[in-house]
Amino acid sequence: MVSVFRSIVGTSTLAASLLLAGCAGSSSTQFHRYTLPDESLSANVSTSSQEQLQPVAVPLVRLADYLSGDGIVMQTSDIEVQQAQGHLWAGNLARQLTRQLRRQLASGLGSAKVLDRPSGGSDTLSVQLDQFQGRHDGQAVVGGSYELRDGGDNIILKQDFHVTKPLQNDGYPALVRALAAGWQQVAGQMTQAIVAHSRPMASPAP
């Protein structure tokens with residue numbers, strides 16, 4: 001792939017031509033695989049010092065169908081998206097996103113346990129990711145929704161999110177880093193919202 005964008009501000013035609021020139025399948029296609037940066041995440045929030053908060057289960061993040069393939073997605077116009085054929089996620093994207101979200105929550109929720117599945121009346125955070133792509137104007141886009149339910153399946157919190165981050169350089173490595181920064185911001189927003197709506201664990205009966 002020659003480049004994703006020639007500059008941070010590109011055009012639809014340029015983005016499309018670069019995508020097709022560098023990612024169209026051929027016998028000479030070189031494959032590049034990417035993981036989300038393994039950065040230290042911090043929500044910069046605090047919880048009540050002595051209260052032990054309700055555990056939060058975080059199932060696997062759900063992806064829109066067009067994001068579920070191996071190729072990194074480029075949005076080449078307001079209505080067109082394409083998966084790169086030579087620039088691929090090195091591992092399952094949903095699992096990478098879920099792992100980083102759990103780490104973010106574990107960092108920001110203090111004493112609350114972060115689980116991979118509901119257990120013992122824990123709250124459950126469900127995330128739907130509808131956008132996780134480069135865009136023709138030189139932005140990385142992260143969008144979707146989440147909801148937090150209690151152990152009785154009652155909705156505690158429901159919220160949409162939409163974050164854009166500019167690419168700092170040309171190419172897919174810059175796009176992956178911008179997407180990761182967008183996801184880190186979204187994970188921080190979720191953590192802050194959960195802290196604001198958190199409930200202390202019930203004390204055991206004497």
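**Exercise 1. Salt bridges**

Find how many salt bridges the structure holds, and describe the partners in those that can be traced residue by residue.

*Solution.* The structure, which is a predicted model, holds 4 salt bridges. Begin with the side chains of D116 and R117, which meet in a salt bridge with an N to O distance of 3.4 Å. Next, take D137, which forms a salt bridge with R135, the closest N and O atoms being 2.8 Å apart. Then turn to R149, whose salt bridge with E147 has its closest N and O atoms 2.7 Å apart. Finally, note that E147 and R149 belong, together with D153, to a network of linked salt bridges.

**Exercise 2. Exposure of the charged partners**

Decide for D116, R117, D137, R149 and E147 whether each is buried, partly exposed or exposed.

*Solution.* The step needs two cut-offs: a residue is buried under 20% relative accessible area and exposed over 50%, with partly exposed in between. R117 has a relative accessible area of 55%, so this residue is exposed, whereas its partner D116, at 40%, is partly exposed. D137 has a relative accessibility of 26% and therefore counts as partly exposed. In the remaining pair, R149 is partly exposed because its relative accessible area is 22%, while E147, with 16%, is buried.

**Exercise 3. The overall layout of the chain**

Describe which elements the chain contains and in what order they run.

*Solution.* Start with the count, which comes to 3 helices and 9 strands. Read from the N terminus on, the order is α-β-β-β-β-β-α-β-β-β-β-α. Now consider how the chain is filled: of its 206 residues, 46% are buried. The contacts also reach far along the sequence, since among those between residues at least 6 apart, 71% join residues at least 24 apart. As for the surface, the chain exposes about 10,300 Å², and carbon and sulfur atoms supply 46% of this area.

**Exercise 4. The largest nonpolar core**

Identify the residues with the most contacts inside the largest nonpolar core, and say which elements build this core.

*Solution.* The largest nonpolar core has 47 residues, and L101, L125, F132 and W183 are those with the most contacts inside it. Two or more residues are given to this core by each of β4 (71-75), β5 (81-89), α2 (93-108), β7 (123-135), β8 (139-149), β9 (155-166) and α3 (172-196). The largest share, 14 residues, comes from α3. As general background, nonpolar side chains in soluble globular proteins tend to be buried together.

**Exercise 5. The surroundings of F132**

State which residues F132 touches, and classify the aromatic pair that F132 forms with W89.

*Solution.* Leaving aside residues up to four places away in sequence, F132 touches L36, L67, V73, W89, L93, L97, V141, V142, L179 and W183. For the second part, the count of aromatic pairs comes to 2. In the pair of W89 and F132, the ring centres are 6.1 Å apart and the planes stand at 35°, so the pair is tilted. This pair links distant parts of the chain, with W89 in strand β5 and F132 in strand β7, 43 residues apart. Both W89 and F132 are buried.

**Exercise 6. Helix α2**

Check the span of α2 against expectation, then work out what its buried residues pack against.

*Solution.* At 1.5 Å a residue, the 16 residues of α2 should span 22 Å, and the end C-alpha atoms are 23 Å apart, which agrees. The buried residues of α2 are L93, A94, Q96, L97, T98, Q100, L101, Q104, L105 and G108. These buried residues pack against β1 (32-34), β3 (62-63), β5, β6 (114-115), β7 and α3.

**Exercise 7. Two buried polar residues**

Locate Q139 and T29, and describe the surroundings of Q139 and the distance from T29 to H87.

*Solution.* Q139 is found in strand β8 and counts as buried because its relative accessibility is 18%. Not counting residues up to four places away in sequence, Q139 touches Q133, G134, T164, K165, P166 and L167. T29, by contrast, lies in the loop between α1 (12-23) and β1, and with a relative accessible area of 18% this residue is buried. T29 and H87 are 58 residues apart in sequence, while their C-alpha atoms are 9.8 Å apart in space.

Note on methods. Residues numbered from 1 in each chain as written. Predicted model: local features only at pLDDT ≥ 70, side-chain atom pairs only at ≥ 80, totals over all residues. Heavy atoms only, no water. Helix = DSSP H or I, 4+ residues; strand = E, 2+ residues; numbered from the N terminus. Buried < 20%, exposed > 50% of the residue type's maximum accessible area, 1.4 Å probe, protein only. Contact = heavy atoms within 4.5 Å. Areas by Shrake-Rupley, 256 points an atom, 1.4 Å probe, with all protein chains shown as cover. Core = buried A, V, L, I, M, F, W, Y, C linked by side-chain atoms within 4.5 Å. Phe/Tyr/Trp six-rings, centres within 6.5 Å; stacked < 30°, edge-to-face > 60°. Expected span 1.5 Å × (residues − 1).
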